[in-house]
Amino acid sequence: MDCRDARLLLHFARPLAQEMGEDEADNLANHLGQCPACETFDREERRLDDPIGQAMRAVPLPPGLRDRLLDKLARERDSWYRRRLFKIGPAVAAAIALMLFAGNYYLRLPPPDVDLAALYTRANFSLGSPAEVEQWFRQQGI
């Protein structure tokens with residue numbers, strides 16, 4: 001591990017934070033034990049952060065703050081989904097309308113005009129009974 005990586009990981013290695021895995025924490029501890037510059041940097045950062053963290057944790061939370069925050073987040077999330085639906089909804093409706101229009105258009109097309117005599121001539125066999133001809137056309141899917 002180099003100093004750049006170690007200093008980046010120091011942001012995630014705070015006492016109450018649990019964002020780092022065991023392997024990363026061990027590598028960071030090994031690096032800090034071998035690198036005096038990073039160890040000094042970590043010590044200075046903690047010297048500044050620890051008193052601020054203690055002061056912040058010592059402030060009592062107003063009663064019900066957690067519930068109010070969670071309620072507000074839920075309302076904002078619902079509002080976000082509604083706004084998203086209103087943006088996507090017209091596009092979905094337009095796509096469905098287009099598919100219905102296109103499907104209706106293609107369903108109303110006349111069947112293809114097939115020249116049965118030319119098709120039969122291209123089959124290169126002699127004219128047989130009407131039943132044989134009919135059977136041949138059925139085999140061709142016509």
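A residue is called buried when its relative accessible area is under 20%, exposed when it is over 50%, and partly exposed in between (1.4 Å probe, protein chains only). Keep these words in mind for the views below.

**Figure 1. The whole protein is a chain of six helices with zero strands.** This is a predicted model, in which local features need a pLDDT of at least 70, side-chain atom pairs count only at pLDDT 80 or more, and totals for chains, interfaces and linings use all residues. Residues are numbered from 1 along each chain as its sequence is written, and side-chain values use heavy atoms, with hydrogens and water left out. Helices (DSSP runs of H or I, at least four residues) and strands (runs of E, at least two) are numbered from the N terminus, and the pattern along the sequence is α-α-α-α-α-α. Of the 142 residues, 12% count as buried. The mean pLDDT (the predictor's confidence in each residue, from 0 to 100) is 81, and 87% of the residues score at least 70. Confidence is highest in helix α3 (residues 36-58), at a mean of 87, and lowest in helix α5 (residues 116-122), at 68.

**Figure 2. Nine residues gather in the largest nonpolar core.** Such a core is a set of buried Ala, Val, Leu, Ile, Met, Phe, Trp, Tyr and Cys residues joined through side-chain atoms within 4.5 Å. Its members here are Ala-6, Leu-9, Leu-10, Ala-13, Met-20, Leu-28, Leu-32, Cys-35 and Cys-38. Helices α1 (3-10) and α2 (22-34) each supply at least two of them, and α1 gives the most, with three residues.

**Figure 3. Here we look at Cys-3 and Cys-38, neither of which is in a disulfide.** With a disulfide taken as a pair of cysteine sulfur atoms within 2.5 Å, the count comes to zero. For Cys-3, the nearest cysteine sulfur is that of Cys-38, 3.5 Å away. Is Cys-38 buried or exposed? Cys-38 has 0% relative accessibility, so it counts as buried. Cys-3, at 35%, counts as partly exposed.

**Figure 4. Asp-42 and Arg-46 pair up in helix α3.** A salt bridge needs a side-chain nitrogen of Lys or Arg within 4 Å of a carboxyl oxygen of Asp or Glu, and the whole structure has five of them. In this one, the closest N and O atoms are 3.1 Å apart. Why are the partners separated by about one helical turn? Because they are four residues apart in the helix. Asp-42 is buried, with a relative accessible area of 10%, whereas Arg-46 is partly exposed at 23%.

**Figure 5. Two further salt bridges join Asp-5 to Arg-4 and Arg-138 to Glu-134.** Between Asp-5 and Arg-4 the N to O distance is 4.0 Å. Asp-5 is partly exposed at 31%, while Arg-4 is exposed at 63%. Between Arg-138 and Glu-134 that distance is 2.9 Å, and these two sit four residues apart in helix α6 (residues 130-139). Arg-138 is exposed at 54%; Glu-134 is partly exposed at 48%.

**Figure 6. A nonpolar patch of about 490 Å² lies on the surface.** It is made by Ile-88, Val-92, Ile-96, Met-99 and Leu-100. Among them, Ile-96 is found in helix α4 (residues 65-107), and at 43% relative accessibility it counts as partly exposed. Patches are made of residues with over 30% relative accessible area and no salt bridge: like charges are joined within 9 Å, nonpolar side chains (Val, Leu, Ile, Met, Phe, Trp, Tyr) within 5 Å. Accessible areas come from the Shrake-Rupley method with a 1.4 Å probe; for residues, only the protein chains shown count as cover.
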